[in-house]
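Biologist: I am new to reading protein models, and I would like a close look at a single part: the interior, and what surrounds it. Please walk me through it slowly and explain each term as you go.

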Amino acid sequence: MTYTSSLLRLLDERGYIHQLTDAEGLDKLANTQVIPGYIGFDATAPSLHIGSLVQIMLLRRLQQAGHKPVVLMGGGTTKVGDPSGKDESRKLLTSEAIDANIASIRKVFERYLTFGDGPTDAVLVNNDAWLSQLGYVDLLRDVGPHFTINRMLTFDSVKLRLEREQPLTFLEFNYMILQAYDFRELALTRDCRLQLGGSDQWGNIINGIELTRRMEGKEVFGVTTPLLTTADGAKMGKTAAGAVWLNDDALPAYDFWQYWRNVDDRDVGRFLRLFTDLPLDEIARIEALEGNEINAAKVVLANEVTRMCRGEAAAVQAETTAAATFAGGGVGKALPETVLPRAGILLVDALYELGFAASRGEAKRLILGGGARVDGEPVKDEAFRINFRETSEVRVSSGKKKHGVVRSA
């Protein structure tokens with residue numbers, strides 16, 4: 001359909017919309033009032049990774065269109081664990097660890113959203129405030145009648161775990177009930193009319209919509225984004241070296257910048273629409289570039305995303321380091337580095353310490369396969385030792401795109 005509201009037009013033009021519960025109703029509502037809309041994030045680590053970035057950008061778009069973002073931190077649901085896409089139960093965290101994670105995660109949201117007390121200012125709320133106050137018998141009596149085991153067993157988060165014959169605890173089985181309760185609570189206390197999320201959350205969003213309608217007679221809406229994968233089918237958020245974290249202290253800015261600089265050519269335009277504020281006509285011009293010019297487009301992508309997530313200085317330093325490292329063969333200031341004793345270190349250990357290999361065994365295979373270099377020279381001896389007799393600094397490379405510095409103490 002053709003959307004009339006600035007909110008749905010913006011989401012549609014930039015490629016965020018996968019499913020809507022009532023497109024016409026939401027479009028009409030967005031034209032008549034400020035809509036508080038929320039997305040939930042569990043606090044299982046001190047940082048979110050880029051798999052959550054499209055959801056963060058969704059809240060940014062909501063605010064850009066004149067509506068109110070509600071960041072729901074799952075202080076309560078983190079104690080339970082979302083079974084979606086998992087083969088085993090999450091490690092249970094203490095309340096203190098969850099609170100520390102929420103405080104750390106908030107720093108990233110403050111880069112993307114404007115928080116405050118105004119009608120379209122973002123707010124951050126913690127579902128532990130109400131979930132931990134629920135009495136078990138009261139929850140069973142008030143909410144339980146609106147869920148059937150028959151239907152709960154059909155949801156992918158449950159069905160797929162059981163099909164793989166992996167245990168699903170009763171604790172996790174309750175997750176979808178608590179998430180539905182969140183929507184009902186936010187609809188009552190903050191007039192939240194909209195929940196947004198990834199396509200894997202569609203079932204949970206529908207549960208919340210139905211529970212809110214049955215218990216409160218209130219009409220609310222849901223929007224999901226497409227499953228975000230790279231052009232080669234890989235899931236966003238993970239690389240061979242591990243997760244691409246959003247927080248500054250979880251991943252160096254240079255590594256963050258390099259992730260975006262090295263995306264598949266086919267992903268550049270789509271990622272510019274999703275993860276940057278560049279105008280659509282400028283993005284159309286950039287994604288039409290071909291040949292070596294596409295590399296310039298990737299630098300634009302890397303700069304724009306890094307600037308938004310890590311700040312202007314981090315983006316400039318990352319680009320400068322990349323230029324010095326790749327074009328000039330030098331050592332840029334922002335390269336990942338490790339400081340070692342004067343006596344030196346095995347190349348295997350250096351590759352592992354720099355994060356270029358997930359294990360020392362993987363580092364050995366990298367060396368034997370010809371993928372490791374020291375100061376630009378290939379090394380195929382797994383027993384090779386870096387020493388500092390003539391220099392205090394050595395550049396270590398994994399393939400053509402990963403570079404780091406090993407310095408003596």
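Modeller: Here is a tour of the interior, followed by its surroundings.

This is a predicted model, in which local features need pLDDT of at least 70 and side-chain atom pairs count only at pLDDT 80 or more, while totals for chains, interfaces and linings use all residues. Residues are numbered from 1 along each chain as its sequence is written, and side-chain values use heavy atoms, with hydrogens and water left out.

Let's begin with the whole protein. Of its 409 residues, 49% are buried (under 20% relative accessible area; exposed is over 50%, and partly exposed lies in between, using a 1.4 Å probe and protein chains only). The protein has 18 helices and 15 strands, which are DSSP runs numbered from the N terminus (H or I over at least four residues for helices, E over at least two for strands). Among contacts (heavy atoms within 4.5 Å) between residues at least 6 apart in sequence, 72% join residues at least 24 apart.

Now for the interior itself. The largest nonpolar core has 69 residues; such a core is a set of buried Ala, Val, Leu, Ile, Met, Phe, Trp, Tyr and Cys residues joined through side-chain atoms within 4.5 Å. Phe109, Trp260 and Phe275 touch the most other members of this core. Helix α15 (residues 293–310) gives the most to the core, with eight residues. Another core, of 29 residues, lies apart from this one and includes Trp130, Phe147, Phe155 and Ile209.

Take Phe109 as your landmark. Setting aside neighbours within four places in sequence, Phe109 is in contact with Phe41, Leu48, Ile56, Leu59, Val71, Met73 and Phe115. Phe109 is one of the buried residues of α4, along with Ile98, Asn101, Ile102, Ser104, Ile105, Val108 and Tyr112. The elements covering the buried residues of α4 include β2 (36–42), α3, β3 (68–74), β4 (123–126) and α15. Helix α4 itself has 18 residues (95–112), so at 1.5 Å a residue it should span 26 Å, and its end C-alpha atoms are indeed 26 Å apart (the expected span is 1.5 Å times one less than the number of residues).

Phe275 leads us to another helix. Phe275 is buried in α13, as are Val268, Gly269, Phe271, Leu272 and Leu274. Six of the eight residues of α13 are buried, so this helix is largely enclosed by the rest of the structure. Its buried residues pack against α3, α12 (253–261), α14 and α15.

Just after α13, a charged pair comes into view. Asp277 and Arg60 meet through their side chains in a salt bridge, at 2.5 Å from N to O (a side-chain nitrogen of Lys or Arg within 4 Å of a carboxyl oxygen of Asp or Glu). Asp277 lies in the loop between α13 (268–275) and α14 (280–287), and Arg60 in helix α3 (residues 53–64), so the pair ties together parts that are 217 residues apart in sequence. Arg60 counts as buried, at 16% relative accessibility, whereas Asp277 is partly exposed at 30%. Arg61 joins Arg60 and Asp277 in a network of salt bridges. The structure holds 17 salt bridges.

Helix α15 has a charged pair too. The side chains of Arg307 and Glu304 form a salt bridge of 3.0 Å, N to O. These two are three residues apart in α15, which means that about one helical turn separates them. An α-helix has 3.6 residues a turn, so residues three or four places apart point the same way. Arg307 is partly exposed, with a relative accessible area of 29%, and Glu304 is partly exposed as well, at 22%.

One more buried spot deserves a visit. Asn127 sits in the loop between β4 and α5 (128–131) and counts as buried, with 1% relative accessibility. Beyond its neighbours within four places in sequence, Asn127 is in contact with Leu72, Met73, Gly74, Gly75, Gly76, Thr77 and Asp182. Asp182 is 55 residues from Asn127 along the chain, yet their C-alpha atoms are separated by 6.9 Å. Notice that Met73 also appears among the contacts of Phe109.
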